[in-house]
Structures are given as C-alpha cells and as structure tokens.
Amino acid sequence: MTGPTDPAALAVIHAESFTVPRPWGAQEIGETLAQPGSFLLTDADGFLIGRAIAGEAELLTLAVRPDARRRGTGAALVAAFLDAARARGAERAFLEVAADNTAAQALYARAGFAEAGRRPGYYRPPEGGAVDAVVMTRDLR
Ligand SMILES: CC(C)(COP(=O)(O)OP(=O)(O)OC[C@H]1O[C@@H](n2cnc3c(N)ncnc32)[C@H](O)[C@@H]1OP(=O)(O)O)[C@@H](O)C(=O)NCCC(=O)NCCS
C-alpha cells in the first residue's frame with residue numbers, strides 16, 4: 001500500500017472524513033508522526049496513523065476518502081496496522097471511536113476488536129452536545 005505521506009495531503013483526506021472528532025490539520029498530523037513509536041500507513045484513497053510502544057499499539061486515526069469507501073481500503077489499512085503493531089512487538093491493540101460512528105465500529109469488529117469500555121462525553125461535536133468514546137481492544141498474540 002502506498003499513497004501520499006505529506007502531512008498537507010493527509011490533512012485534506014482527514015478534513016473530508018471527520019467532524020467528530022474534529023479533523024486534524026497538517027501541523028497536528030506532522031507532530032503526531034514525529035512522536036516516538038508513531039507510524040503511517042497510506043493508500044491512494046486513505047491513511048492510518050498508529051503508535052506502538054511498550055508492548056501496546058494504538059490506532060490513532062483512520063480515514064478513507066468519501067468517494068472511495070466500501071471498497072476494502074479501510075479493512076486493508078487496519079490489517080496492515082495489526083501486522084505493523086505485531087512487527088513492533090505489541091501484544092495488545094486499542095483504539096477510541098465515537099459511539100455514533102457505526103461504520104467504523106463495524107469495520108473494527110470485523111477486524112477482531114471488541115468493546116472494552118466507554119469514555120462518557122469524550123467528544124464535543126461542533127454543533128454542541130457530547131458524544132461518548134467507545135474503547136475497543138484486540139489481543140495481538
Ligand atoms: C470508517 C472508514 C475508515 C471505513 O473505510 P472503508 O474503506 O469504507 O471500509 P471497508 O470498505 O474496508 O469496509 C470494511 C467493512 O467495514 C464495515 N463498514 C464500513 N463502512 C460501513 C458503513 N458505512 N456501514 C456499515 N458498515 C460499514 C463493513 O462491515 C465493511 O465490509 P463490507 O463492505 O463487506 O460490508 C470510512 O468510512 C471513513 O473514513 N470514515 C470517516 C472517518 C472515520 O470514521 N474513521 C474511523 C474512526 S477513527
């Protein structure tokens with residue numbers, strides 16, 4: 001899988017993909033990628049940023065262009081994340097997803113993740129109110 005790696009190009013895809021959580025700008029993407037243990041997986045139509053550190057891997061963000069969805073890109077990126085996490089010695093993977101994001105939750109469930117808990121009111125949508133975060137985990141061993 002290969003696609004754009006420039007934070008500005010990734011920010012365009014992120015802006016097309018998110019309102020909750022809010023989209024990340026190029027600077028935030030660049031700073032996240034510079035953190036220890038961070039890695040980027042890209043495809044022409046989407047990307048995933050993960051982090052693996054001290055035996056644990058976190059899926060930090062995943063976005064697929066709206067006009068390229070339901071073609072398996074998201075599932076392929078998540079599968080590549082699990083491989084990359086194992087290759088970096090992680091034994092467990094986790095992620096947070098908005099409670100109303102049923103598409104992503106279905107994708108993660110098919111990739112072997114299960115709900116492990118909730119963070120009430122974690123996300124603040126621009127239109128007001130609050131949305132819970134669902135914490136999902138998966139054993140990598
Ligand atoms: C979630 C997202 C990454 C999925 O990407 P995608 O490339 O469309 O996913 P895939 O085509 O690989 O879908 C794999 C499976 O996930 C599930 N799925 C994906 N989109 C779905 C939807 N809209 N509704 C229900 N299930 C869905 C299905 O089980 C699907 O398999 P199927 O197409 O055989 O039914 C994409 O919709 C997206 O970028 N959304 C906005 C950003 C976001 O929510 N990111 C994740 C939160 S961190």
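**Figure 1. The shell around the ligand in this predicted model.** Let's start at the ligand, which is surrounded by 20 residues in this predicted model. Arg69, Gly74, Ala75, Ala103 and Leu107 are the closest of them. Three elements, β3 (56–64), α3 and α4 (102–110), each give two or more residues to this shell. Helix α4 supplies the largest share, with five residues. Sorted by class, the shell holds ten nonpolar residues, six polar ones and four charged ones.

**Figure 2. The largest nonpolar core.** Here we turn to the largest nonpolar core, a set of 26 residues. Phe47, Leu48 and Phe81 have the most contacts inside this core. The elements that each give two or more residues to the core are the helices α1 and α3 together with the strands β2 (46–53), β3, β4 (92–98) and β6 (131–139). Strand β3 gives the most, with five residues. You may remember β3 from the previous view, as this strand also gives two or more residues to the shell around the ligand; the same can be said of helix α3.

**Figure 3. A close look at Leu48 and its contacts.** Leu48 is one of the residues with the most contacts inside the largest nonpolar core. Setting aside the neighbours within four places in sequence, Leu48 is in contact with Leu41, Leu59, Leu62, Leu77 and Phe81. Phe81 is worth finding in this view, for this residue too is among those with the most contacts inside the core.

**Figure 4. The fold as a whole.** Stepping back, the protein chain has four helices and six strands. Read from the N terminus, the elements follow the order α-α-β-β-β-α-β-α-β-β. The C-alpha atoms fill a box of roughly 40 × 35 × 30 Å along the principal axes. A compact globule of 141 residues would have a radius of gyration near 14 Å, so the 14 Å of the protein chain agrees with that expectation. Of the 141 residues, 26% are buried. Among contacts with a separation of 6 or more, 55% join residues 24 or more positions apart.

**Figure 5. Confidence along the chain.** The last view is about how far the prediction can be trusted. The protein chain has an average pLDDT of 95, and 100% of the residues score at least 70. Confidence is highest in helix α3 (residues 73–87), with a mean of 98. Helix α1 (residues 7–17) is where confidence is lowest, at a mean of 94.

Terms used. Residues numbered from 1 in each chain as written. Predicted model: local features only at pLDDT ≥ 70, side-chain atom pairs only at ≥ 80, totals over all residues. pLDDT = per-residue confidence, 0-100. Near = placed C-beta within 6 Å. Nonpolar A, V, L, I, M, F, W, Y, C, P; charged D, E, K, R; others polar. Rg over C-alpha atoms; globule rule 2.2 N^0.38 Å. Buried ≥ 20, exposed ≤ 12 C-beta atoms within 10 Å, placed from the backbone. Contact = placed C-beta atoms within 7 Å. Core = buried A, V, L, I, M, F, W, Y, C linked by C-beta atoms within 7 Å.
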